[in-house]
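Student: Could we go through this structure and check what some of the descriptive words rest on?

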Amino acid sequence: MNTLADIYYLTKRNLIASVRIPIMLVFTIVQPLLWLILFSQLFKNMVSGMANAPGGSPYGTGNFLDFFVPAIIMQTVLFSGAWSGNSIISDMESGVLDKMMATPVSRVAIILSRMFASVIYSMLQVTIIFIVAFIMGFQSASGISAILITYLIAFLFGLGICGLSTLLAVWTKRTEAVMAASTFVTMPMFMLSGSFLPLALVGGWVANVAKFNPLNYALDATRGPILHDSIDWGTFTVSVVILVSIAAVFVTASTYIFRTRLATS
Amino acid sequence: MTATEPQVSEVVKPSLNGSQPTAYPSGRANIVHTDQLTRLYGPTRAVDEVNFDVREGEIFGFLGPNGAGKSTTIKMLTTLVRPTTGSATVVGYDLATQANQIRNVIGYVAQEIGVDNRASGWENLELQGHLYHLSNTEIKQRVTELLELVDLSKDAKKLAGAYSGGMRKRLDIATGLIHRPKLLFLDEPTTGLDPQTRANLWEYIRRLNQEQGVTIFLTTHYLEEADRLCDRVAIIDHGKIMALDTPNRLKDEVSGDVISISFDSPEMPADPAKREAAKAALTGQPWVTDIKESDKGGLNVYVSGGETAMPQMLRILDQHNLPVVSISMSRPSLDDVFLKYTGHQMRDEAGSERPTMAQMGMNWGARRGRPGGR
């Protein structure tokens, strides 16, 4: 019970602290909106131009926003998560972590609350993207269920990325390493996915590589219900299983490393 | 009395009842007891088979230069760093097997200020209360009390980032007290603070000790701080305790007191004959340990027990018809004490011989704004 309470209070503290960096708040809100607006303007005609393609549009919709919103959401969650490991490093450097370690607080709670706070913070970004997208004319074919599925998938995907970033952080204890590795992981992940183009249009080796890209599973599970009026539970289940597994591996690994290498020495 | 060969004073030797107490007895017992406590970082013996006791109710100080092993000792006793060998009991609990029980009854204030700048003073204390699993009503009451204690009630709602250095340190100390610890560890509490703030902080620490009855274990590399604040001081150098006693007794052991006398005044120029006569008269007295000529034409007489030696000295000089024009007495400083036990001056060493970060274990990475030391 104490561990759960510890997770709750520490997550709350971390969230409040994130919101209180004004410049960060600006970036976290403005950046995804910028992408939403720029990318959709850039690809707008491509999507609408294919709307009446023989055999149906490869995008599955004539409305560019419906296609891009899941991509912008996952991209935001991906980039935020990739940076999240730095927060535990800043706790190490500022002495806050030492101080916590001298209290009876659960060691697992310290590291889990960092990851949870980061993912919950991303959910705030997701909400903002949804609101602006709706204003711009976004529509969900399966209504509210598609929105809820998007939140669930974004949460799981984000948790995996946070876990990976935190793993790098507790392993290397260096901000530079987390920054370098996050670019190294996120950019290819983003490019080798169906974020901008349906994989059917990309083809070749990229489409094959994309089969191993968790971002694609996140996109598959969310795009389906947004574009179609029915939910493909098969695709959904596969995505959830894959994303949960990834999150479980990285969250457990980073917690384990934290406990064994940092929590006591 | 060789300065190069460090001696270990009697109190340092491990007590014979070295077996671990299972329950913590009340009264003036030892709140900390260490037995050959050792921590290695690679080949560096950061803390080297250290034995000492901290008594309940006292302010106990570790005095030594950066890198002497002060912080490493504190980090071991606060369960942050595991000893390589040796053992210790803290508030009656065994360090190796009862870490969580220890964490519940001790407070720890690190050298670097560990407050969250993005939370208010109130929020910092509130979170700390939750980390100790206190109830909400208890937290509310304690936070109010502690803000009062450290004079931050007015600034309770301000973010700690907007506080001055002294305020943040006071808040930091308050967070270490939220759960009414029996024992508070303060690692270099005044490092980096200006003299005014430092003197203020000493007042808070004294009040904590006297009014709240908190036993305090602090480390410092300021001689004055150890001298003015601590009931007992351990001098630590290269991971070893070189001496341990009250500041006064440590100073007594150096060479007693120095009585400076002079026979000349503006009207009466210095007379070497008088000086020689005085020297002859005083030589051989049992309380005189050494006599040296001072630069001012007088004498510096090293005595044991200056308060009783001074009247006797005046009587003898009077009997020899050697009227003293001025007389003054000074006590040796802890600086002299440090020199005696370690063979070098403390400030020679300050900042040098720091272990690399990799050797420091708990010092995760490069810490910003940290003067170094362990």
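The dialogue below takes a few descriptions and sets each against its definition.

Tutor: Keep in mind that this is a predicted model.

Student: Why are α3(A) and α8(A) called roughly antiparallel?

Tutor: Helix α3 (residues 64-83) of chain A and helix α8 (residues 175-191) of chain A pack at an angle of about 160 degrees. Angles over 145 degrees count as roughly antiparallel, and therefore α3(A) and α8(A) are described that way. Their axes are 9 Å apart, and the crossing is right-handed.

Student: Which residues of α3(A) and α8(A) make the contact?

Tutor: From α3(A) come Q75(A), L78(A), F79(A), A82(A) and W83(A). From α8(A) come V178(A), M179(A), S182(A), T186(A), M187(A), M189(A) and F190(A).

Student: What makes up the contact of α3(A) with α8(A), by class?

Tutor: The contact has nine nonpolar residues, three polar ones and no charged residues. Met, Phe and Trp are among the types that count as nonpolar.

Student: Why is P22(A) called exposed?

Tutor: P22(A) has a relative accessible area of 59%. Exposed means over 50%, so P22(A) is exposed. P22(A) lies in helix α2 (residues 22-49) of chain A. From P22(A) to S245(A), the C-alpha distance is 35 Å, and the two are 223 residues apart in sequence.

Student: What makes helix α11 of chain B mostly covered?

Tutor: In α11 (residues 334-342) of chain B, seven of the nine residues are buried. A residue is buried if its relative accessible area is under 20%. The buried residues of α11(B) include L334(B), V337(B) and F338(B), and also D335(B) and K340(B). Just after α11(B), G343(B) takes a positive phi of about 80 degrees.

Student: Which strands of the open sheet in chain B are the edge strands, and why?

Tutor: The six strands of chain B run in the order β7-β8-β9-β4-β10-β11, with mixed pairing. The edge strands are β7 (106-109) and β11 (240-245) of chain B, as each pairs on one side only. From one strand to the next the twist averages 15 degrees.

Student: How do you know that β4 and β10 of chain B pair?

Tutor: Two strands pair if there are at least two bridges between them. Strand β4 (residues 59-63) and strand β10 (residues 232-237) of chain B have four bridges, in the parallel sense. In β10(B), V233(B) is the bridge partner of G61(B).

Student: Which helix packs on this sheet?

Tutor: Helix α6 (residues 195-211) of chain B does, touching β4, β8 (183-187) and β9 (215-220) of chain B. The direction of α6(B) makes about 155 degrees with that of β9(B).

Conventions: Residues numbered from 1 in each chain as written. Chains lettered and ligands numbered in written order. Predicted model: local features only at pLDDT ≥ 70, side-chain atom pairs only at ≥ 80, totals over all residues. Heavy atoms only, no water. Helix = DSSP H or I, 4+ residues; strand = E, 2+ residues; numbered from the N terminus. Axes fitted to C-alpha atoms, helices over the stretch in contact; angles between N-to-C directions. Contact = heavy atoms within 4.5 Å. Parallel < 35°, antiparallel > 145°, perpendicular 65-115°, else oblique. Left-handed = near helix turned anticlockwise from the far one by under 90°. Buried < 20%, exposed > 50% of the residue type's maximum accessible area, 1.4 Å probe, protein only.
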